Amino acid sequence: MNTRWRRLAWLGAWLLVAAVGAGWLGFARLAQLQAAFETDARIVHRLLSQQMVQNDAVMATLVLLQPSPDGSAAAAQRLPSVYPRILSALTQPEGSSWPAALATSLASAQAASRQLGRPQLARTDLAAGRYWLVQAGDPVSYALLLDLQATVPWFEWPMDAKASPVRVVLVHDGQSLVLQAGSIPARGWRFDFRKTLASPSQPFDVLAERVVAWGELPWLAMLTWVLGSAATLAAARLLWRQREARLRAEQLLRLGQVARLNTLGELAAGMAHELNQPLTALLASTQAAQRLLGDTPPDLETARTAMAQSVQQARRAADVVGRLRRLVERPDLAGHAQAVALPAAVQEALHLLAPELARRGVASEVDVAPDLPLALAEPIALQQIIHNLLTNAMQALEQVPAPQRVVQLGLRAAAGGRVLLSVRDHGPGLSGEARARLFEPFYSSRADGLGLGLPLCESLAEAMGGHLSLGPELADGAEFLLLLPAAQPLP
């Protein structure tokens, strides 16, 4: 379970890093395109404003040529040859009227121009790209027919009018003239710019719009980021797993060293127990023979010497065995006990055995009761007990189908100010003989077993002031119960 959550955590981290990085690249590209769009739109607005202001200046120049009606009229007639955007120029001397077809609109604009003191629009036809500009004057008024397409200074235009995706439109009184068609996709990110030209006499609105399609995003850079972040996190995960494996190996090595020392102690204690009886019998027999031979007449001195030497060697063997037993006897672990969090100890043991659990296809379930007190235990000895119980459970589960390979660990408070750790497997269970002799040294239900693991665990538990026992018989599997004193009395 822990391995699965770690994998999901790494996957989630990669997805987050990849999404944030790719999103940042995409938004950076959009910001760049928007900045370029706004810059071009402002340049368009400035260029068109300059042209409109120039139209106002032309009108002002014509007025300044008065009071020579003939001179101003002649100048007006020459304007189309000087300014290609001026298609026609009309003059209306005082006392005369505008051409009949234009009289109404030009007269109205003339009146407004006289009142405002500046040129005034008349007969605007943006669909055709043309409009009249009227300037009232004394004694002559003027009207210019202007071509908007010719007004645009294309040689200074900031964009390629044919290839640019930006659409530029002049808008006035519900009419519009497309100066640059652009390309507007149905979907994408829309940028808009709208601003009125700087000439009060020609208040056209410049409307620019740009739609960034999905294909314009930096997909190659985004894909590179996604793959690069995946490679980086994969390398980091590999380094992390190598470090984790190295730490696990070091902990297993330390635990194995302690286990070997404890096993050696258990083995030596068992050997001492087994050898003391024959040595004691040898000593008694030799002493009896010595007394009997002492009553026999010829050449008894040699027999006495030989028996004395046998007695001496037997006592030396007993002393050696006694010294060996005193040397390898385990110290009192209760004096080294400390407050230990049993859930953390269980998780550490599961972490150490994670590769082995995965290899055997064994799942683990840990149930921790709320408000679980700390336990008094010697950490290394506790780790050895849990490690041994989990190893036995894994070996038992090898004999059942994969779906049943689950080891359950329960942690809860027990009566008498103690803490209980239960380890249960769903294996084939134990026979009656195995249950009766399970904690007997050198007894094992496996052909390759030494028979010292559980007796050693029992000795370690008792040395810490605890108790290890086999739980009640179950329908399937076996359960071991480890009772340890609580660090603080339960309320």
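Buried here means under 20% relative accessible area, with exposed over 50% and partly exposed in between. By that cut-off Arg360 is buried, because its relative accessibility is 15%. This is a predicted model, so keep that in mind throughout.

I'll stay with Arg360 for a moment. The side chain of Arg360 meets that of Glu398 in a salt bridge, 2.2 Å from N to O. Arg360 belongs to helix α8, residues 354-360, while Glu398 sits in the loop between α9 and β12, so the bridge ties together parts 38 residues apart in sequence. Glu398 is partly exposed, at 45%. Through shared partners, salt bridges join Glu356, Arg359, Arg360 and Glu398 into one network.

The total is nine salt bridges. Two others involve strand β8, residues 205-212. In one, Arg167 pairs with Glu209, and the closest N and O atoms are 3.7 Å apart. Arg167 is in strand β5 and Glu209 in β8, 42 residues apart. Arg167 is partly exposed at 27%, and Glu209 is buried at 17%. In the other, Asp205 pairs with Arg194 at 3.3 Å. Asp205 lies in β8 and Arg194 in β7, so parts 11 residues apart are tied together. Asp205 is buried at 17%, whereas Arg194 is exposed at 51%.

Next, the aromatics. There are five aromatic pairs. One of them is Phe37 with Phe191, tilted, with the centres 6.1 Å apart and 40° between the planes. Phe37 is in helix α1, residues 2-64, and Phe191 is in strand β7, residues 189-196, a separation of 154 residues. Both rings' residues are buried: Phe37 at 3% and Phe191 at 8%. Trp214 and Trp219 make a stacked pair, because their planes are at 15°, with centres 6.5 Å apart. Trp214 is exposed at 52%, and Trp219 is partly exposed at 42%. Together with Trp189, these two form one aromatic cluster. Elsewhere, Arg243 lies over the face of Trp240, 5.4 Å from the ring centre.

Now helix α9, residues 379-397. Its 19 residues reach 27 Å from first C-alpha to last, close to the 27 Å expected. Glu378 caps the N-terminal end, with a side-chain oxygen 2.7 Å from the backbone nitrogen of Ala381.

Last, strand β14, residues 467-470. Which of its side chains are buried? Leu468 and Leu470 are, and they point to one face, while His467 and Ser469 point to the other and are not buried. Four bridges join β14 to β15, residues 479-485, and the two run antiparallel. Within β15, Leu483 is the bridge partner of His467.

Definitions and conventions
Residues numbered from 1 in each chain as written. Predicted model: local features only at pLDDT ≥ 70, side-chain atom pairs only at ≥ 80, totals over all residues. Heavy atoms only, no water. Phe/Tyr/Trp six-rings, centres within 6.5 Å; stacked < 30°, edge-to-face > 60°. Buried < 20%, exposed > 50% of the residue type's maximum accessible area, 1.4 Å probe, protein only. Lys NZ or Arg CZ within 6 Å of the ring centre and 35° of its normal. Pairing = 2+ DSSP bridges. Expected span 1.5 Å × (residues − 1). Polar contact = N/O pair within 3.5 Å; in protein donor to acceptor, adjacent residues only side chain to side chain. Salt bridge = Lys/Arg side-chain N within 4 Å of Asp/Glu carboxyl O.
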